[in-house]
Amino acid sequence: MIPHSCHSRFCNACGVKYAKQLAAKATSFYLDCPHRHIVFTIPEELRNWLRQDRTRLNLLFVASRNTISILT
């Protein structure tokens, strides 16, 4: 059997190699510090209410911060 490689990052077999290379390259740029990446979304029911007065967004950020602080 002759091994073949398509060298495509989208291929299930070949893509693993490229994913590992990308991960190694990306970690060289990271700062050595603990961090968290959290994404939150605005429920559809609240979007119009927040659009009416953009200063209300601060309420969302304060509530999110308080929730995260309690959980950690």
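This section describes the helices, the surface and the charged contacts of a predicted model.

The chain contains 3 helices and 0 strands, and its elements follow the order α-α-α from the N terminus. Of its 72 residues, 8% count as buried. The accessible surface of the chain comes to about 7,100 Å², and 60% of this area is supplied by carbon and sulfur atoms.

Helix 3 spans residues 57–71. It is made up of 15 residues and extends 21 Å between its first and last C-alpha atoms, close to the 21 Å expected at 1.5 Å a residue. Buried positions in helix 3 are L57, L60 and S64. These residues lie on the same side of helix 3, because they cover an arc of only 55° around the axis. The partner on this side is helix 2, residues 44–52, against which the buried residues of helix 3 pack. The face turned away from the buried side carries the exposed residues L59, R65 and I70.

L59 thus belongs to the face of helix 3 that points away from the buried residues. Its relative accessibility is 54%, and it therefore counts as exposed, given that the class begins over 50%. L59 also contributes to a nonpolar surface patch, which it makes together with L46 and W49. The area of this patch is about 290 Å².

With respect to charged contacts, the structure holds 1 salt bridge. The side chains of D53 and R56 meet in a salt bridge, with an N to O distance of 3.9 Å; the cut-off for such a pair is 4 Å. Both residues fall in the class between buried, under 20%, and exposed, over 50%. D53 has a relative accessible area of 29% and is therefore partly exposed. For R56 the corresponding value is 22%, so R56 is likewise partly exposed.

In summary, helix 3 has a buried side formed by L57, L60 and S64, which packs against helix 2. On the face turned away from that side is L59, a member of the nonpolar patch with L46 and W49. The salt bridge of the model joins D53 and R56.

Key
Residues numbered from 1 in each chain as written. Predicted model: local features only at pLDDT ≥ 70, side-chain atom pairs only at ≥ 80, totals over all residues. Heavy atoms only, no water. Patch = residues over 30% accessible without salt bridge, like charges linked within 9 Å, V, L, I, M, F, W, Y side chains within 5 Å. Areas by Shrake-Rupley, 256 points an atom, 1.4 Å probe, with all protein chains shown as cover. Helix = DSSP H or I, 4+ residues; strand = E, 2+ residues; numbered from the N terminus. Buried < 20%, exposed > 50% of the residue type's maximum accessible area, 1.4 Å probe, protein only. Expected span 1.5 Å × (residues − 1). Arc of directions from axis to C-beta. Contact = heavy atoms within 4.5 Å.
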